[in-house]
Amino acid sequence: MLRIAVPNKGSLSETASEMLKEAGYAGRRDPKALHLIDERNGVEFFFLRPRDIATYVGSGALDVGITGRDLLLDSGSEAHEVDALDFAGSTFRFAGTPGRFSALQDLEGVRVATSYPGLVGDFLAGHGVTATLVKLDGAVESAVRVGVADAVADVVSTGSTLRQAGLEIFGPVILESTAVLIATDEDRAGIDVLRRRLHGVLVARGYVMLDYDIPTALVPDATAIASGMESPTVSPLHGRDWSAVRVMIPRSDMNQIMDSLYELGARAILVSSIHAARL
């Protein structure tokens with residue numbers, strides 16, 4: 001039975017659970033439950049702190065897990081990233097008192113507060129910078145104001161939180177993080193099925209099916225607008241010099257594609273969601 005670690009709380013938890021449910025796995029009814037056996041799919045779920053998941057998987061206690069790329073790299077675990085899952089995105093940057101820092105080398109010999117000392121320490125070492133890391137569990141942006149650090153390394157979205165704390169961002173991006181599937185042995189029985197299912201969820205979320213009718217003579221131009229994953233399905237319409245076309249297109253592009261096809265001469269243009277996929 002495949003043993004899977006799933007975040008039990010935080011920004012990763014809800015989306016990870018929804019993704020697994022869409023992939024056909026059982027979901028826990030009690031949000032406080034820490035363990036769930038899905039006999040039908042041959043898997044066993046363990047709901048753990050996101051920060052601990054890489055450690056459990058890296059030790060071999062569990063086979064595979066969902067966590068953040070940042071947490072994986074910070075952990076020093078033997079586990080490695082198998083697939084990116086494209087949710088819970090975040091960016092890690094340095095920030096400090098305005099005007100004091102402008103480049104990464106300015107951190108030489110100063111104190112840097114962060115909740116990710118492993119990740120930040122490896123980044124600094126890789127760029128030949130030696131700094132004193134101050135590990136904090138939260139509210140990193142307050143570290144400079146209260147005097148425990150000279151700069152911080154933290155998650156940034158718009159940067160408003162850091163600006164409110166009187167800090168400005170500087171230097172290179174430390175990491176672009178996202179939720180990832182991790183493992184130590186990708187050949188473990190059942191992991192390939194899990195990967196295909198999760199990939200199918202990503203495809204279903206990112207693509208839609210597009211159906212339309214068009215004069216047969218215009219099919220080459222229409223398929224140039226929307227070529228699909230491989231190629232469209234084209235079927236002749238009964239008693240007319242028209243064809244019916246079905247093609248899978250990116251959800252983000254569907255309105256622009258529909259407009260272009262209509263202007264070309266396509267009609268009866270319909271879009272439908274994809275609930276599951278295997279490519």
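These are my notebook entries on what I looked up in this structure.

**Entry 1: the whole chain**

I'm working from a predicted model here. I started with the secondary structure, and the protein chain comes to nine helices and 15 strands.

Next I looked up the overall dimensions. Along its principal axes, the C-alpha trace spans about 80 × 50 × 35 Å. The radius of gyration of the protein chain is 24 Å, whereas a compact globule of 279 residues would come out near 19 Å.

How much of the chain is buried? I get 43% of the 279 residues.

I also checked the contacts in the protein chain with a separation of 6 or more: 68% of them are between residues 24 or more positions apart.

**Entry 2: surface and charge**

The protein chain exposes about 14,200 Å². Carbon and sulfur atoms supply 49% of that area.

For charge, I noted 26 positive and 36 negative side chains. How far apart do the centres of the two sets lie? They are 6 Å apart.

**Entry 3: T114**

I picked out T114, which sits in strand 7, residues 111-114. Is T114 buried or exposed? It counts as buried because its relative accessibility is 0%, and the cut-off for buried is under 20%.

Then I asked what the T114 side chain does with its polar atoms. One of them lies 3.0 Å from the backbone nitrogen of Y116.

I listed the contacts of T114 too, leaving aside its neighbours within four places in sequence. They are V120, V134, K135, L136, V140 and A153. Of these, V134 and K135 fall within the 132-135 range of strand 8.

**Entry 4: two alanines with positive phi**

I went through A88 and A139 for their backbone angles. A88 has a phi near 55°, a positive value in a residue other than glycine. Where is A88? It lies in the loop between strand 5 (80-84) and strand 6 (90-96). A88 counts as partly exposed because its relative accessible area is 32%, between the cut-offs of 20% and 50%.

A139 isn't a glycine either, yet its phi is positive at about 50°. I found A139 in the loop between strand 8 (132-135) and helix 5 (143-146). What is the relative accessibility of A139? It is 49%, so A139 also goes down as partly exposed, with exposed reserved for values over 50%.

**Entry 5: recap**

My short version for the bench: T114 in strand 7 is buried, while A88 and A139 are partly exposed. Both alanines sit in loops, A88 ahead of strand 6 and A139 ahead of helix 5.

Terms used: Residues numbered from 1 in each chain as written. Predicted model: local features only at pLDDT ≥ 70, side-chain atom pairs only at ≥ 80, totals over all residues. Heavy atoms only, no water. Helix = DSSP H or I, 4+ residues; strand = E, 2+ residues; numbered from the N terminus. Rg over C-alpha atoms; globule rule 2.2 N^0.38 Å. Buried < 20%, exposed > 50% of the residue type's maximum accessible area, 1.4 Å probe, protein only. Contact = heavy atoms within 4.5 Å. Areas by Shrake-Rupley, 256 points an atom, 1.4 Å probe, with all protein chains shown as cover. Lys, Arg positive; Asp, Glu negative; His and termini not counted. Charge placed at Lys NZ, Arg CZ, Asp CG, Glu CD. Polar contact = N/O pair within 3.5 Å; in protein donor to acceptor, adjacent residues only side chain to side chain.
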